[in-house]
Amino acid sequence: MARVKGQSRVEKAAATRRRMLDAAYERFCDDGYRATTMEAIAEHAGVAVQTLYFTFHTKDELFQQVHERTVLGDENLPPPMQPWYLASVEAEDVKEAVRHICRGVLSISRRVAPMIPA
């Protein structure tokens, strides 16, 4: 695979995708869904608006991807596969299990809450 300045094309594309999702998350949280434009997201991400459309096709699809990433977190794992959930299943008592579940749900809620108005 060809490497570009220390990064492969795949790594560079993944970094650009993350940057676009981060920018969209910030814009949706700050401005709401309706007021956020693809142009504003592209500018915030430092990419051409065509790149944003090529990658996500529509604002609705981009919003869905942002929401999915927000729920799944950086691990990109559904909650039953995340470490906090697995720790709760393996807990020796209910109190410990509830503690793990509360931490996990809280971490998801902290990411999702800013998107609720959007």
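The paragraphs below lead through the salt bridges, the two largest pockets and one helix of this structure, which is a predicted model.

A search of the whole structure for salt bridges finds three of them. One joins the side chains of Arg69 and Asp22, with a nitrogen-to-oxygen distance of 2.7 Å. This pair ties together distant parts of the chain, since Arg69 belongs to helix α4 (residues 59-72) and Asp22 to helix α1 (residues 9-31), and the two residues are 47 residues apart. As for their surroundings, Arg69 has a relative accessible area of 23% and is partly exposed, and Asp22, at 34% relative accessibility, is likewise counted as partly exposed.

The other salt bridges to consider both involve Arg27. The side chain of Arg27 meets that of Asp30 at 3.4 Å, N to O, and it also meets the side chain of Asp31, here at 3.0 Å, N to O. Arg27, Asp30 and Asp31 are thereby linked in a network of salt bridges. The spacing along the helix can be read directly from the numbering: Arg27 and Asp30 both lie in helix α1, three residues apart, which is about one turn of the helix, while Arg27 and Asp31 are four residues apart in helix α1 and so are separated by about one helical turn. The members of this network fall into three classes of exposure. Arg27, at 15% relative accessibility, lies under the 20% cut-off and therefore counts as buried; Asp30, with a relative accessible area of 56%, is over the 50% cut-off and therefore exposed; and Asp31, at 38%, is partly exposed.

From the salt bridges one can turn to the pockets. The largest pocket holds about 220 Å³ of space, and its lining consists of Ala14, Arg17, Arg18, Leu21, Gln65, Glu68, Arg69, Gly73, Asp74 and Asn76. The elements that contribute two or more residues to this lining are α1 and α4, and the largest share, four residues, comes from α1. Sorted by class, the lining of the largest pocket comprises two nonpolar, three polar and five charged residues.

The second largest pocket has a volume of about 170 Å³ and is lined by Leu21, Asp22, Tyr25, Val66, Arg69, Thr70, Gly73, Asp74 and Arg111. Here too α1 and α4 each supply at least two residues of the lining, and by class this lining has three nonpolar, two polar and four charged residues. Both partners of the salt bridge between Arg69 and Asp22 appear among the residues that line the second largest pocket, and Arg69 is also one of the residues that line the largest pocket.

The last element to examine is helix α6 (residues 94-112), whose 19 residues reach 26 Å from the first C-alpha to the last, close to the 27 Å expected at 1.5 Å a residue. Within α6, the residues Ala97, His100, Gly104, Ile108 and Val112 are buried. These buried residues cover an arc of only 110 degrees around the axis, and they therefore sit on the same side of α6. The face of α6 that is turned away from this buried side carries the exposed residues Lys95, Arg103 and Arg110.

Note on methods
Residues are numbered from 1 along each chain as its sequence is written. This is a predicted model: local features need pLDDT of at least 70, side-chain atom pairs count only at pLDDT 80 or more; totals for chains, interfaces and linings use all residues. Side-chain values use heavy atoms; hydrogens and water are left out. A salt bridge is a side-chain nitrogen of Lys or Arg within 4 Å of a carboxyl oxygen of Asp or Glu. Buried means under 20% relative accessible area, exposed over 50%, partly exposed in between (1.4 Å probe, protein chains only). On a 1 Å grid over the protein atoms alone, a cavity is a set of points where a 1.4 Å probe fits but cannot get out, and a pocket is an open set with protein on both sides within 12 Å along at least five of seven lines; lining residues have an atom within 4 Å of a point. Grid points are joined across faces, edges and corners, and a volume is the space filled by probe spheres set on the points. Ala, Val, Leu, Ile, Met, Phe, Trp, Tyr, Cys and Pro count as nonpolar, Asp, Glu, Lys and Arg as charged, and the others, Gly among them, as polar. The expected span of a helix is 1.5 Å times one less than its number of residues. The arc is that of the directions from the helix axis to the C-beta atoms.
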